[in-house]
Amino acid sequence: MYYSNHDRGHEPWENPIETTGRPVDEPPRKHKRKGSGAKVAALCLVCALVGGVVGGGGVAVATGALNGGTSTIYEGTRTPTTVSVANVTGNELLTAPEIYAAYVGSTVGITTEIVTTNYFGQPVSQAAAGSGFVISDNGYILTNYHVIEDANTIKVSFVDGTSYDAELVGGEEENDIAVLKIDATGLTPVIIGDSDNVRVGEQVVAVGNPLGELTYSMTSGIISARDRSITMENGEVMNMLQTDTAINSGNSGGPLFDMYGQVIGITSAKLSGSSSSSATIEGLGFAIPINDVKDMVTDIIENGYVTGKPYQGITVSTVPESVSERYGMSQGALVESVDPNSCAATAGIQEGDIITALNGTTVISSAELIEEKKNYSAGDTVTVEVERDGEKQTLSLTFDEDTPERRAAQEEALEQQQQENQQNEQNSSGNSGSDFFWPFGNLSPWFY
């Protein structure tokens, strides 16, 4: 997974040849003619080695003469490779050392502090680490959303030792990208490439901060596959480039370069073989194709968020197949809450509805509903098929625009509702309207 075939120009060390002299007063020994051929062959081999080294420009460092010394060691004289960054234009093939020399200064290590409250109401501080890369000379930096999610403070560090406090310009959770800004000028931005042009088998390299402490490490590999639909830990389905380049915790948010020195992806994930957070499977890493997020990044820089995204104003969770069979319900996305100021409320969607299709496309889970929503923009009108009290209904809905203000209001409303539901569960006898949701267990709703 982690290796490329770019080990060029390596000159092997010559094998040491040992010869042992004899005292001059020792009488000559008689040997059988049978062994003389072997000695002649050995002598010829020594001569051939010496001749090869001298002829190839090698330097012999001797600790003794052939007649009286103990050993001879031969050193090669490989000329050190000079790495030039002057001709890095994104139009010519480069070596891995050239890419590293050109852009290690454009890669940053990111550390965050997350302050939470423990069971006793005391503040608890946690640290997290990731990677990122410079996309403008005046201090804009691109990384993964999950690297800075819930962070109270963000700090970025460069290979030359300088570090800056960073501000979050904006993020896009569904596509796992975030843009940071530092107070700096004269930085060297990366060259953004075209991920649609990359082919399976092409070599790529990544630079990042694996494990949060091995800063500015380069790893190499190939593109293993394109257009992989990968379900992330939170259930979000994302389109990814698959690579066998080494990607570990802390690499998230770093650049994936093609061999022209262009960023074609954002290293984001590694496949895990268990339900734990530790990824144990090797050779299966994933990167967000840069073409999927180019326009979003520009939007975030200019507006603070991705404009034109559709917003419906509901939270949903999946109706499990077992529950569907047991209670005779349809599979689909269960509506757990409705923003009263949203287009969903205007369209007549109610808490407890099961959404089974969006604009004619069947959905059997919350993830499928959210994925289908990505095909539309704010202002688009669609049909929504729901099941309510065992009856099918078709509603017409025109999407609102998803803005940070709307999302914050929905999060606040959801938190308040969850607190009310917990209070109701403690105080009620089990006959309230909230009983409808109990068979589904403790589900994690999706914003939609």
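## A negative surface patch

In this predicted model, the acidic residues D194, D196, D227 and D292 gather on the surface in a patch of negative charge. One of them, D292, sits in the loop that runs between strand β15 (285–289) and helix α4 (294–303). With a relative accessible area of 34%, D292 is partly exposed, and because patch members must have over 30% relative accessible area, this residue can be counted in the patch.

## A buried network of salt bridges

The count of salt bridges comes to 9, and among the residues involved, E172, E174, K309, K373 and D402 are linked in a network. Within this network, E174 pairs with K309, their closest N and O atoms lying 4.0 Å apart. Since E174 belongs to the loop between β7 (163–172) and β8 (177–181), whereas K309 belongs to the loop between α4 and β16 (310–311), the pair ties together parts that are 135 residues apart in sequence. E174 is buried, with a relative accessible area of 11%, and K309 also counts as buried, at 15% relative accessibility.

K309 forms a salt bridge with D402 as well, and here the closest N and O atoms are 3.9 Å apart. This second pair links distant parts of the chain, 93 residues apart, with K309 in the loop between α4 and β16 and D402 in the loop between β23 (400–401) and α8 (404–427). At 7% relative accessibility, D402 counts as buried.

## Two glutamates, E371 and E372

Where does E372 lie, and which residues does E372 touch? Its place is in helix α7 (residues 366–373), and, leaving aside residues up to four places away in sequence, E372 touches L358 and T361. E372 is buried yet has no salt bridge, and the nearest side chain of opposite charge, that of K374, is 11 Å away.

K374 instead forms a salt bridge with E371, with the closest N and O atoms 3.3 Å apart. Both partners of this salt bridge count as partly exposed, E371 at 32% relative accessibility and K374 at 31%.

## The protein as a whole

The secondary structure comes to 8 helices and 24 strands. The protein has 448 residues, of which 40% count as buried, and the area that it exposes is about 24,400 Å², with carbon and sulfur atoms supplying 49% of that area. Among contacts between residues at least 6 apart in sequence, 64% join residues that are at least 24 apart.

Methods. Residues numbered from 1 in each chain as written. Predicted model: local features only at pLDDT ≥ 70, side-chain atom pairs only at ≥ 80, totals over all residues. Heavy atoms only, no water. Patch = residues over 30% accessible without salt bridge, like charges linked within 9 Å, V, L, I, M, F, W, Y side chains within 5 Å. Areas by Shrake-Rupley, 256 points an atom, 1.4 Å probe, with all protein chains shown as cover. Lys, Arg positive; Asp, Glu negative; His and termini not counted. Charge placed at Lys NZ, Arg CZ, Asp CG, Glu CD. Helix = DSSP H or I, 4+ residues; strand = E, 2+ residues; numbered from the N terminus. Buried < 20%, exposed > 50% of the residue type's maximum accessible area, 1.4 Å probe, protein only. Contact = heavy atoms within 4.5 Å.
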